[in-house]
Amino acid sequence: MSTHVEEHFAGSNKLFTSIWAWLVGLTLIEIFLAYRPMPIHYMLTILMGLSIIKAALIVAYFMHLKFERLSLILTIVPVLVICICLLLMFFPDSFRSSGLRYKFKEPEPIAPKSVE
Amino acid sequence: MSTEARAQTFPAADWGGGVLPYRVGHRKLGMWLFIVSDSLTFSALLIGYAYLRASNVWPTPFPFYPSIVFSSVMTFCLLSSSLTMVFGVSASSRGDKARARKWILATIFFGLAFIVLHLIEWNHLIGEGLRPFFLPEHWVKTFTTTEGIPPSPLFGATFFTITGLHMFHVFSGTIYLGVVAGRVKKLKHEDVEISGLYWHFVDLVWMFVFPLIYILSVDVGGRLAR
């Protein structure tokens, strides 16, 4: 019975340090972007893009998923991506509830009645 | 060739039982499944936050100092803790348990630094008057739109829930790593690697919390200071 599990942990310390440097660099870009005025949907897209790259680097190298069997990767990753996309189904409703808001206006101040 | 003999050579024999088809132990597979479910918890919270944010007037109150400086240093601590953890797992795979313990202790140190910095940062905001269901008076005054719509008081609720749940994960991670560091000589390599998986996951979650909660709530024009 082949219950033996590989003890080998692929990847050198040099590789891990360079991944760490990439992660720190991408974080610095995010902080820099925070002070660039731009429409929020561009900002959100860029930030999420960078975050997904960072997450992929962590999962692939630090969590070692790149060096695991393809069957394990296929069991874990697609299900997560699909479930998160399904959770996003509710998101467009926020635009509707934003439009429903009661537009509150300060009542006109009552002009003091002139004393006759 | 008999059917049985053919089944032996068929690649699907991996799934016939008695072997490990993923080439990982059942504990490691369990940790991966936990990570998948916990990612969904955090995704649901962050999507809920995005929903509230898009459907309300949302305050953007974080100044460069203390909020952004603190959260950036916290990010650096967490990234560095992931690096020391991966060094620890690497040492453990070579059988160098003493060095693995040292690296894991360094990881715990960075984790505790993260918690301390985060609590100081929370304390700043609580001191300003932020509560789960109330905004400080001067925030309401500054961020009310020209149409007179006040900012959502749920800012505090989403902030404290998401960062609090993450901080709780870091806290439980330091305890978990403490146990692993203490028993590292008795544990198998794979058990050390599993604790590493959990720790990197905590780091990964912060990579989404940091931009969504902190970077997108920066007070760019310094509106609060005025």
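How many residues does each of chain A and chain B bring to the contact? In this predicted model, chain B puts in 47 residues and chain A puts in 51 residues. Let's look at chain B's side of that meeting place.

Three helices of chain B each supply at least two residues to the side that touches chain A: helix 2 (26–54), helix 3 (64–93) and helix 7 (189–214). Helix 3 of chain B is the top contributor, giving twelve residues to that side. And what sort of residues sit on the side of chain B that touches chain A? They split into 30 nonpolar, 13 polar and four charged.

Now step back and take in chain B as a whole. You'll find seven helices in it and zero strands, so to speak an α-α-α-α-α-α-α pattern when you read along the sequence. How spread out is chain B next to a compact globule? For 226 residues, the globule rule gives 17 Å, but the radius of gyration of chain B is 23 Å, which is well over that value, so chain B is more spread out than a compact globule. You can picture the space its C-alpha atoms fill as a box of roughly 80 × 45 × 25 Å, taken along the principal axes.

What about the inside of chain B? Of its 226 residues, 37% are buried. There's also a story in who touches whom: take the contacts in chain B between residues at least 6 apart in sequence, and 77% of them join residues at least 24 apart.

Key
Residues are numbered from 1 along each chain as its sequence is written. Chains are lettered from A and ligands numbered from 1 in the order in which they are written. This is a predicted model: local features need pLDDT of at least 70, side-chain atom pairs count only at pLDDT 80 or more; totals for chains, interfaces and linings use all residues. Two residues are in contact if their C-beta atoms, placed from the backbone, lie within 7 Å. Helices (H or I, at least four residues) and strands (E, at least two) are DSSP runs, numbered from the N terminus. Ala, Val, Leu, Ile, Met, Phe, Trp, Tyr, Cys and Pro count as nonpolar, Asp, Glu, Lys and Arg as charged, and the others, Gly among them, as polar. The radius of gyration is taken over C-alpha atoms; the globule rule is 2.2 Å times the number of residues to the power 0.38. A residue is buried if 20 or more other C-beta atoms lie within 10 Å of its own, exposed if 12 or fewer, and partly exposed in between; C-beta atoms are placed from the backbone.
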